[in-house]
Amino acid sequence: MSTPSPARLRQRIIRLLAETPATDIHTHLFSPAFGSLLLRGIDDLLTYHYLIAEFFRWHQHLDYDVFFSLPREAQAAAVWQTLFLDHSPLSESSRGLLTSLHTLRCPLRSRNLDKLRAFFAQLSPSEHVDLCMRAVNIDTLVMTNNPFDPAERACWERGVPDDPRFRTALRIDNLLTAWPAAAQDLRTMGFRASAELSPSTRSAIRSFLLAWINRIKPLYLMASLPPTFSLPSPDPGARILTDIVLPLLRERNLVMALMIGVERQVNPALRLAGDSIGRMNINTLVHLARSFPTNKFLVTILSRENQHELCVVARKFRNLMPFGCWWFLNSPFFIEELTRMRLEWLGLTFIPQHSDARVLDQIIYKWLHTKQILAEILTQKYATIEATGWKVSNDDLRRDISDLLRNNFWRFLE
Ligand code: HDL
Ligand code: ZN
């Protein structure tokens with residue numbers, strides 16, 4: 001029997017990766033009903049905080065606040081000039097913008113920003129959403145819904161119509177990392193919480209969570225945590241998680257998504273771009289998975305140094321589901337390393353990627369770049385088993401790729 005050619009195998013995998021719908025399980029996008037909260041088009045792309053951080057590296061003497069006081073279009077023009085016209089766009093975020101615009105058939109060749117603006121101006125928000133989702137075959141965009149954000153809360157209080165393309169996720173960082181300031185927010189929202197975690201405050205936190213779970217019907221709850229977040233701990237945030245949030249999630253069969261390792265605002269002058277990274281103690285995750293065996297955790301960690309530990313701990317605890325190449329790991333160098341590591345130690349039992357997109361058009365490059373790498377890795381892995389005589393059918397490939405791109409997520413929520 002002739003060994004199938006890797007070239008044919010690669011073509012089958014590339015085609016199936018393109019044809020198989022993916023669920024984007026974590027984004028910062030909003031359905032068009034949220035109005036200006038949905039960022040889209042060239043000016044929002046150019047003022048993405050990843051690009052702003054890179055822009056300032058070329059401007060040692062530019063005052064941060066002077067830049068941020070400029071109108072968004074002026075900021076965008078400055079970033080375009082610096083990162084695209086004065087220097088080649090080779091970073092993942094800048095080349096990604098080109099990938100997205102090229103895929104949308106934007107008039108890039110002229111390098112003329114006004115022509116790009118004119119291209120996006122003719123797209124309605126809903127058409128734009130359909131265009132981007134179709135470009136990379138995304139079936140669902142999961143939002144990040146934060147009741148502590150007054151602008152988003154106002155939308156929910158006005159009433160938000162369902163949009164079948166979008167699903168919700170309830171974001172609760174403030175409860176876990178900003179107590180007791182969050183108690184004041186809860187009081188503002190009508191929940192009688194005080195700084196001390198008294199029985200009445202505990203009840204108010206539970207009522208707040210139930211009210212928002214019932215209002216937005218989230219697929220999961222989510223929180224990003226600093227690398228220093230540790231368990232067990234007398235810290236109020238840790239006690240809110242273990243004593244209130246996790247028991248409630250178990251009752252409602254909801255998953256907790258944890259994103260661990262962000263050092264918020266190491267350079268506040270950079271605003272949204274001012275966050276950094278730190279290595280977590282993986283024993284915190286061991287404690288969570290072991291102490292709460294009937295809770296399920298979607299987990300992504302920010303530090304490269306934690307990634308192998310996450311694979312090993314996920315082998316020990318089936319209630320941990322590693323997902324995505326998050327933030328400073330979302331570049332080809334790390335996507336390759338993490339995906340190989342996870343495939344080799346977890347088989348197909350993980351969720352390889354989420355876009356984390358803040359601007360609609362970014363889902364195109366974040367998914368295209370990942371699928372290119374996934375295609376190469378999967379081709380090599382399947383070629384090694386075919387070399388043993390293990391024939392890999394199209395049904396095998398379609399099943400496995402569907403598991404990676406969507407079914408592992410939806411099954412984990414069940
Ligand atoms: O906390 C998060 O969800 C992170 O993804 C941050 O939003 C981060 O700023 C980001 O946009 N990463 O891609
Ligand atoms: Zn995010």
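**Exercise 1. Determine which way each side chain of S5 points, and whether these residues are buried or exposed.**

Step 1. Sort by direction. Tyr 220, Met 222 and Ser 224 point one way from S5. Leu 221, Ala 223 and Leu 225 point the other way.

Step 2. Check cover. Both sets are buried. Buried means under 20% relative accessible area, exposed over 50%, and partly exposed in between, with a 1.4 Å probe and protein chains only.

Step 3. Take the strand as a whole. S5 spans residues 220–225 and is mostly covered, with six of its six residues buried. Strands here are DSSP runs of E with at least two residues, helices are runs of H or I with at least four, and both are numbered from the N terminus.

This is a predicted model: local features need pLDDT of at least 70, side-chain atom pairs count only at pLDDT 80 or more, and totals for chains, interfaces and linings use all residues. Residues are numbered from 1 along each chain as its sequence is written, and side-chain values use heavy atoms, without hydrogens and water.

**Exercise 2. Find the partners of S5 and place S5 in its sheet.**

Step 1. Recall the rule. Strands of a sheet pair through backbone hydrogen bonds, either parallel or antiparallel. Pairing here requires at least two DSSP bridges between two strands.

Step 2. Look to S4. Residues 170–171 form S4, which pairs with S5 in the parallel sense over two bridges. Arg 171 stands opposite Met 222.

Step 3. Look to S6. S5 and S6 (residues 255–260) pair in the parallel sense over six bridges. Tyr 220 has Val 255 as its bridge partner. Leu 225 has Ile 260.

Step 4. Write the order. The open sheet has five strands, S4-S5-S6-S9-S10, with parallel pairing. S4 and S10 (320–322) each have a single partner strand, so one side of each lacks a neighbour in the sheet.

**Exercise 3. Identify the helices that pack on the sheet.**

Step 1. Start with H13. H13 touches S5, S6 and S9 (297–301), and its direction makes about 135° with that of S6. Contact means heavy atoms within 4.5 Å. Axes are lines fitted to C-alpha atoms, for helices over the stretch in contact; angles run from 0 to 180 degrees between N-to-C directions.

Step 2. Add H15. H15 (residues 307–316) touches S9 and S10, at about 145° to the direction of S10.

**Exercise 4. State how many helices and strands the chain has.**

Step 1. Count them. The chain has 18 helices and ten strands.

Step 2. Add burial. Of its 414 residues, 55% count as buried.

Technical notes:
Chains are lettered from A and ligands numbered from 1 in the order in which they are written.
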